[in-house]
Structures are given as structure tokens and as C-alpha cells.
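Q: I'm new to this structure and would love a close look at one part of its interior. Could you walk me through it step by step?

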Amino acid sequence: MDGNNFSEDGEKDDAAGRVWRNARLATLKEGEARLGTVEKGAILTKGGRIVFAGHEADLPDTSGAEIIDLEGRWVTPGLVDCHTHIVYGGNRAREFEMRLEGASYEEIARAGGGIVSSVNATRALSVDELVAAALPRLDTLLSEGVTTIEVKSGYGLNIESELKMLRAARKLETVRPVRVVTSYLGAHATPVEYKGRNGDYITDVVLPGLKQAHAEGLVDAVDGFCEGIAFSTAEIARVFDLAKSLGIPVKLHAEQLSNLGGAKLAASYGALSADHVEYLDEDSVKAMAAAGTVAVLLPGAFYAINEKQKPPVQALRDAGVSIAIATDSNPGTSPLTSLLLTMNMAATLFRLTVEECIAGATREGARALGLLPETGTLEAGKSADFAIWDVESLAELVYRIGFNPLHAHVFKGKRFHR
């Protein structure tokens, strides 16, 4: 568990109150233009919560509070990576070579590669070994101002290994300053021992595994992969029916490689999000808008497997569907551990605006996890999670490639330097 380079500031709380003054704020408050920017702003935190965020001249009484001068730096909400698979064993560098040699994602999967190829390596590791393997990936994200991260299972594909992955995900937030949201992804792929028997796999593994994970308090959401190389809408519906009966929210990998109607199915269950959505059709966009389901765009996967079909961004905008972005950090199709680079990719590949990219990695990412009441914006009552940047303009966060301008980040009122 070594490698924690956080400063001593991270060991201090703000029980007496702390004023972060002389700042330029991007509050991301809903309904406000230009990301809710405030020149000459300040944040008052106490007990790990935001008490005030706005114009410095409007600060309430700060008697006894510690004063921190941010010297005109920009402050945004802490970044939210709302779709990752960072807990796993091994790597899939050979598949990267195969794709360079011309093999498609589907061809690799049908030849025994893809998701299934990560299963043996993951099954072989203990919870502590999975945590140790994930920490370098997590630390890289934290060093860019990430304060909340979603972590999926899905590389165990048997009950014990799926539970093991979720236990490792839960443990991450005990060894690092981060909020972890777990998603049970038993319906990610069919393991070799159930090849050609998707229904039996769901009956024998996915459903009982979900019940046990729920009983242990390991599940915040339920996910699935709806695709020709994975599971049909009817098969996913069986999983979602159980999730609904247990009171667990759902989300779905949908319309990445084809249009099977997964996003529309997810919306019918009031899903938090439908992710990838490159092949999303007009009816599904309307269904997502009506359900309040967030579209999570994953440009890292689009780039890594050289996809051609772009998500229908303008249709999503026109329908009022919230758009989030995430790394999809995983060993095979998006070995990406930079949310800053993800923002640049979303702008360059999908033509999102600077404001959409920053909102997508903060407020909308929180919305996609059902956490908007807790984090994702700088507002009184929310967790004191924010990132402090050495930039002249917010556009730099999206414009630069391979450059990290983070000065420090704050999680639950505690400050950490990288």
C-alpha cells in the first residue's frame, strides 16, 4: 500500500473552519452560465462540508477559521470519474498488438480474448493483491484532482471472484482520500465454463452473486454489458428485475458496437446512466431524456479500439440529456488513467465544448452516480471536495495534452498536494 505521496495537510481536518479565499471559482451550479464562475471568490468549509461558496465579499462570519490564500487560482469541484474498471489482475498488451495487426474487438473477444482474458489473472489475486494492483492507477487519477470514482466488478465471473473485486473496491477508500462507488457487473461477459449458456450463467452466477453482494453491503449500483458479444436485452432485464426488487439503481453499457436497444431498456428501469451509446437511436435518446438517464461518453474506448461511429452528441443536447464523461479505465479497451486527457479526447473526438467537458467530469459525473446531492458542485451543504488549478483559464484543463496543472485537491475538507 506504499506510494501515498499526500502532504501533511491531508492529515488535518477543518473542524474549526477554513476559508479558501482569493480564488476564481467554477461552482458548476445548475442553471448558471459559464460554469457558475465567480471572480474574487471564496469557499468556507467546516467539518468536511461546504458552508459557503461565492463572492468573497459575501462571506459569513469566519471568526476563528484558518485562512488560506489561493493567490487567484481557479477552483473547480473535485473531478468525478463515473465509469472505471480499475480493479483487475494482469494486462492485455498483447491484444493491443493484435488490434494493430488488424484484429477487431469482436474478433479478439470471439477468439477467447477481450474481457474473458482478464478473468484468470483476476481470479488468482487476493483482495489485498487486487488493491495493491489498483493503487497505481488510482493514485494517477487522484493526482489529477479526482475525488470520486466508480469501480466495477466484472473480471471475476464467478461469485467469489466478483465479491472479491467489490471488497477490493471498498477497501480502496480506506487507504486513499477518495469516495468509491461500487457497481456489480456480473453480466459483463460469459466465462469459458458457460460458453454458449448465457441464461445458465445468469441463473447460476449473476443473480445469486448479486444477492450475496447486496447482503454484504458491497453494491451501490448494478451494471451490465448489452451487446452482441455479451448479453441481450432480455438477459439484462433479468438482472435489472432483481436489482429493482433489492432497491439498487441500475446502469448499462449500451449501444457501443451496435444498437440492441439497451439504452431504451435501461431508461425503462430509470437507470442512472447508459454508457458508451455510440449507436444510440432517436427513440432511445427520447427515452433517456424522459427517464433522466445520463449519457456517459467514453472517448478512451472509442480511441483505443478505433471506433468510427460517434455518439449522437447533438441529439443528446437537443433532447436535454445530461452528458458525463469518464475514463472507462480498464485493461483492454481503454487503458486510460487520466480524466484530464479524457476531457481533451471528448472535445477533440466528440466535439464537446469546454463547458461540457468540465461539467461532464464534475457535476454530470456525480449525477451519473446518483451523488449530485453530495458532490459535483461547489454549494453549501455539499462535501468539501474541490480541485485547485495553476491555470490562467478553465479552457486549459481541456486544451492541454499530457500536462497536469493541479496545485492541490481537497477531499472532505482536507487538503492534499501531489
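How many cavities of 30 Å³ or more does a search of the whole structure find?

A: Happy to walk you through it. Keep in mind that this is a predicted model. Searching the whole structure turns up one cavity of 30 Å³ or more. Its volume is about 110 Å³. The lining of this cavity is made up of 13 residues, and those nearest its centre are Tyr105, Ile115, His188, Asn330 and Thr333. By type, the lining residues divide into seven polar, four nonpolar and two charged.

From the cavity, let's turn to the aromatic rings. The whole structure holds six aromatic pairs. One of them joins Tyr88 and Tyr155 in an edge-to-face arrangement, with 6.1 Å from centre to centre and 75° between the planes. Tyr88 sits in the loop between β6 (79-81) and α1 (93-100), and Tyr155 in the loop between β7 and α5, so this pair ties together parts that are 67 residues apart in sequence. Are these two rings buried or exposed? Tyr88 counts as buried because its relative accessibility is 8%, and buried means under 20%. Tyr155 also counts as buried, at 2% relative accessibility.

Another pair is formed by Tyr201 and Phe231, and this one is stacked: the centres are 6.2 Å apart and the planes lie at 20°. Here too, distant parts of the chain are linked, as Tyr201 belongs to helix α6 while Phe231 is in the loop between β9 (221-226) and α7 (233-246), 30 residues apart. Tyr201 is buried, with a relative accessible area of 0%, and Phe231 is buried with a relative accessible area of 0% as well. Tyr194 joins the picture too, since ring pairs link Tyr194, Tyr201 and Phe231 into a cluster.

Finally, consider helix α5, which came up beside the loop of Tyr155. Helix α5 covers residues 159-175, 17 residues in total, and spans 25 Å from its first C-alpha to its last, close to the 24 Å expected at 1.5 Å a residue. Its buried residues are Ser161, Glu162, Leu163, Lys164, Met165, Leu166, Ala168, Ala169 and Leu172. The elements that cover these buried residues include the helices α3 (119-123), α4 (127-142) and α6 (198-215), along with the strands β7 (146-152) and β8 (179-187). Helix α6, which helps to cover α5, is also the helix that carries Tyr201 of the stacked pair.

Conventions
Residues are numbered from 1 along each chain as its sequence is written. This is a predicted model: local features need pLDDT of at least 70, side-chain atom pairs count only at pLDDT 80 or more; totals for chains, interfaces and linings use all residues. Side-chain values use heavy atoms; hydrogens and water are left out. On a 1 Å grid over the protein atoms alone, a cavity is a set of points where a 1.4 Å probe fits but cannot get out, and a pocket is an open set with protein on both sides within 12 Å along at least five of seven lines; lining residues have an atom within 4 Å of a point. Grid points are joined across faces, edges and corners, and a volume is the space filled by probe spheres set on the points. Ala, Val, Leu, Ile, Met, Phe, Trp, Tyr, Cys and Pro count as nonpolar, Asp, Glu, Lys and Arg as charged, and the others, Gly among them, as polar. Helices (H or I, at least four residues) and strands (E, at least two) are DSSP runs, numbered from the N terminus. The expected span of a helix is 1.5 Å times one less than its number of residues. Buried means under 20% relative accessible area, exposed over 50%, partly exposed in between (1.4 Å probe, protein chains only). Contact means heavy atoms within 4.5 Å. Rings of Phe, Tyr and Trp (its six-membered ring) pair if their centres lie within 6.5 Å; planes under 30 degrees apart count as stacked, over 60 as edge-to-face and the rest as tilted.
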